[in-house]
Amino acid sequence: MLRFDSVYKRFPDGTEAIRNISLQVPRGQFCVVLGPSGAGKSTLLRMLNGLSKPSEGSVYLGGELICDQSVQRLRKKVATVHQQFNLTPRMSVALNVLSGALPQVPHWRAGLGLFPASLREKACQLLDEVGLTPEHVSRRVSELSGGQQQRVGIARAFMMDPAVLLADEPVASLDPRISRGILELLHRQSRNHNTTVLCSLHQPDLAREFGDRIIAVNQGRLVFDGKPEQLTDKVCEELYHGALNHDHNKPVVAVPEFEPELEMAAA
Amino acid sequence: MMKNLSVNRDAKWHLDQPYNARHLLFAIAALLILAVTGSRMEVPRMVSETAQGVGYVVGLNDSSPVATGVKRIAESIWPLRISEEIEISRIENFDRNDLPWLSHVEVIESRTPHLNTETLQLEETVESKEVLVKPVGYLAHVLLKMLETLEMALWGTILAVILSIPLACFAAANYAPNRFIYNLSRSTISLFRAIPELVSALFLVLAFGFGPIAGFLALGIHSAGFLGKFYAEDIENADRGPQEALQSIGAGQIKTLWYGVLPQVLPQYVAYTLYILDRNIRMATVIGIVGAGGIGLELKGRFDMFNFDHVGTILVIIFLTVIILDQFSARLRSRLM
Ligand SMILES: Nc1ncnc2c1ncn2[C@@H]1O[C@H](COP(=O)(O)OP(=O)(O)OP(=O)(O)O)[C@@H](O)[C@H]1O
Ligand SMILES: [Mg+2]
């Protein structure tokens with residue numbers, strides 16, 4: 001479903017945020033990205049929704065190369081859940097959720113705020129699925145708690161039936177109990193909608209609990225790739241204290257069960 | 001990191017006085033400029049004549065040209081002109097049985113003294129004429145003119161909003177389609193701001209004739225310059241998060257602006273627009289002086305004919321309107337914030 005091919009990302013100021021990452025994520029997988037601050041997790045995710053372009057190498061989505069010509073079309077298959085929720089303040093919960101379907105709506109409808117009935121029904125259903133109640137609908141998002149706002153963000157993300165869901169530290173600003181609830185929700189939603197998830201986290205224990213697979217980046221390099229049970233406390237310790245660096249002679253912890261996917265062959 | 005924090009024992013510390021020779025030079029230059037421009041502006045004469053006027057008021061000296069001037073104007077302004085009298089002989093198709101609302105007919109006698117050339121005596125001829133008296137006629141006329149002024153300000157503001165919204169989108173660095181359009185709209189906005197209303201109204205009166213069209217066009221163009229600048233800055237400074245969220249699903253520029261930016265900046269926009277409306281009302285009262293409609297036209301006409309009682313009424317109405325609107329818009333703005 002997702003494929004990175006020897007991807008590099010250099011920012012104009014010379015920072016190398018991503019250095020030679022190759023990665024494949026099959027359809028339906030819940031893949032967690034770990035790594036210390038500044039490791040390049042956000043940059044990695046932003047290359048999938050076109051907010052950032054690789055300096056070298058290529059990124060594929062469903063077998064299609066993400067480039068200037070295809071990005072606007074491919075974006076419609078990708079939804080993002082953000083650390084800071086990135087909801088429009090001063091706008092109602094309903095409109096925030098509906099705005100997740102904006103690419104499907106003609107300009108005149110969007111301008112007048114007249115969303116078709118099918119989309120409005122879908123928004124209600126999603127709001128129900130993420131655990132909000134009808135009295136939240138007409139409130140402004142700024143009047144909701146952080147956890148509730150992230151629920152709105154998740155409902156918005158599923159408005160377009162995304163094939164891929166990117167979650168960039170979706171729980172970084174929430175308390176542990178709410179965090180677990182949000183991740184449970186993300187996990188359940190992506191299972192129900194058969195969505196491929198790439199989710200960056202700062203909590204190894206949550207990663208182990210919810211990830212089908214865990215990868216770790218450090219200083220822009222892929223330093224770990226394995227199943228949750230392979231992420232031992234020792235690996236975590238090394239990851240966050242900088243000892244776990246990419247060794248060119250040693251392959252990253254590989255997981256043989258992840259076969260090259262079918263759609264890759266089809267492309 | 002730690003190196004920067006440690007204290008360097010060898011360093012010689014000393015704290016200077018806050019002024020040095022450059023400050024002194026600067027002060028001398030400033031004084032020179034004030035002295036030269038002050039004498040060109042006749043500031044000393046202004047001070048001495050004002051002092052004389054104050055002295056006259058408190059009884060220190062017997063005459064003052066300023067005080068007499070002010071007194072003369074004050075005497076001719078008061079009482080204010082409220083009623084309107086029209087000679088019936090000058091009204092076409094006058095119908096005695098169908099008088100306008102609140103008006104009545106009066107006969108007034110006017111005496112004109114003149115010298116009889118034969119007897120060399122001073123004689124008086126008494127002429128009586130019938131006039132139609134409207135007791136609040138002139139006040140009503142001024143109020144109507146004030147309404148026209150308000151309408152001019154309203155339409156000037158509407159025009160400014162319509163002009164400035166597309167200009168602002170193109171003049172916001174993150175939404176401009178390209179460099180050329182960005183620079184073009186930036187300079188258009190600056191140009192609009194640089195043309196004073198009274199100047200553009202002079203020319204617009206030539207194009208559209210006397211009346212409100214020239215007035216509200218002039219107001220609209222000038223204030224579009226302000227609104228365009230304010231709106232564009234707000235678009236640029238709006239929180240990027242919601243915009244990225246919509247961009248990343250492929251919503252497109254226009255929908256992103258509508259759903260990601262507009263709700264954020266709307267309260268500010270409304271506040272700016274109200275401020276511009278407020279400003280346009282003040283400006284609309286004087287823009288008529290160059291012939292562009294509204295109460296200013298009436299003011300200029302009466303002033304030129306030395307009808308100071310009429311001028312007094314106009315000034316009082318302008319004054320009251322501005323005060324009332326000030327209260328109103330302050331309250332509206334505080335509710336929006
Ligand atoms: N626009 C940019 N210009 C220059 N450097 C950037 C830019 N964005 C990110 N970087 C740099 O790229 C590196 C990776 O940043 P990134 O945001 O991907 O880290 P991250 O893993 O998401 O960190 P965090 O956990 O704190 O969110 C950092 O060194 C950062 O300073
Ligand atoms: Mg990040």
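Here are some short exercises on a predicted two-chain model, each with a worked solution.

Residues are numbered from 1 along each chain as its sequence is written, and chains are lettered from A in the order in which they are written. Because the model is predicted, local features need pLDDT of at least 70 and side-chain atom pairs count only at pLDDT 80 or more, while totals for chains, interfaces and linings use all residues; side-chain values use heavy atoms, with hydrogens and water left out.

**Exercise 1. Describe the contact between the two domains of chain A.**

Step 1: find the domains. The bounds come from an automatic or database domain assignment. Domain 1 of chain A covers 1–77 + 164–170 + 195–267, and domain 2 covers 79–161.

Step 2: list who takes part. With contact meaning heavy atoms within 4.5 Å, domain 1 of chain A gives 11 residues and domain 2 of chain A gives 10 residues.

Step 3: look at the area. Buried area is the accessible area (1.4 Å probe) that two parts lose on being put together, summed over both. Domain 1 and domain 2 of chain A bury about 890 Å² between them, with 51% of it on carbon and sulfur atoms. On the side of domain 1 of chain A, 45% of the area buried against domain 2 comes from A:K76, A:L165 and A:P170, more than from any other three residues.

Step 4: check the polar side. A salt bridge is a side-chain nitrogen of Lys or Arg within 4 Å of a carboxyl oxygen of Asp or Glu; between these two domains of chain A the count is zero. A polar contact is a pair of N or O atoms within 3.5 Å; within protein, one must be able to donate a hydrogen and the other to accept it, and residues adjacent in sequence count only if both atoms are side-chain atoms. Seven residue pairs across the interface of domain 1 and domain 2 of chain A are in polar contact, both residues at pLDDT 80 or more.

**Exercise 2. Place three salt bridges on their helices, and say how accessible their residues are.**

Step 1: start with the principle. Side chains of opposite charge can pair when their charged atoms come close. Over all chains, the whole structure holds 28 salt bridges.

Step 2: take A:R180 and A:E209, whose side chains meet at 2.4 Å, N to O. This pair links distant parts of the chain: A:R180 sits in helix α7 (residues 176–192) of chain A and A:E209 in helix α8 (residues 204–210) of chain A, 29 residues apart. Helices (H or I, at least four residues) and strands (E, at least two) are DSSP runs, numbered from the N terminus. For accessibility, buried means under 20% relative accessible area, exposed over 50%, and partly exposed in between (1.4 Å probe, protein chains only). A:R180 is partly exposed at 32%, and A:E209 is partly exposed at 41%.

Step 3: turn to A:E238 and A:K234, with closest N and O atoms 3.4 Å apart. Both lie in helix α9 (residues 233–240) of chain A, four residues apart, about one turn of the helix. A:E238 is partly exposed at 25%, whereas A:K234 is exposed at 59%.

Step 4: finish with B:E233 and B:K229, which form a salt bridge at 3.4 Å, N to O. They are about one helical turn apart because they stand four residues apart in helix α8 (residues 212–237) of chain B. B:E233 is partly exposed at 34%, and B:K229 is partly exposed at 34%.

**Exercise 3. Characterise the interface of chain A and chain B.**

Step 1: count residues. Chain A brings 30 residues to the contact and chain B brings 19 residues.

Step 2: quote the area. About 2,000 Å² is buried between chain A and chain B, and carbon and sulfur atoms give 61% of it.

Step 3: find the charged link. There is one salt bridge across this interface of chain A and chain B. A:R46 forms a salt bridge with B:E244, the closest N and O atoms being 3.1 Å apart.

Step 4: add the polar pairs. Eight residue pairs, both at pLDDT 80 or more, are in polar contact across the interface of chain A and chain B.

**Exercise 4. Work out the surroundings of A:T80.**

Step 1: locate A:T80, which is in strand β6 of chain A.

Step 2: classify A:T80; at 10% relative accessibility, this residue is buried.

Step 3: list partners. Leaving aside neighbours within four places in sequence, A:T80 is in contact with A:N49, A:A157, A:L166 and B:S248. With A:N49, the side chain of A:T80 makes a side-chain polar contact at 2.9 Å.
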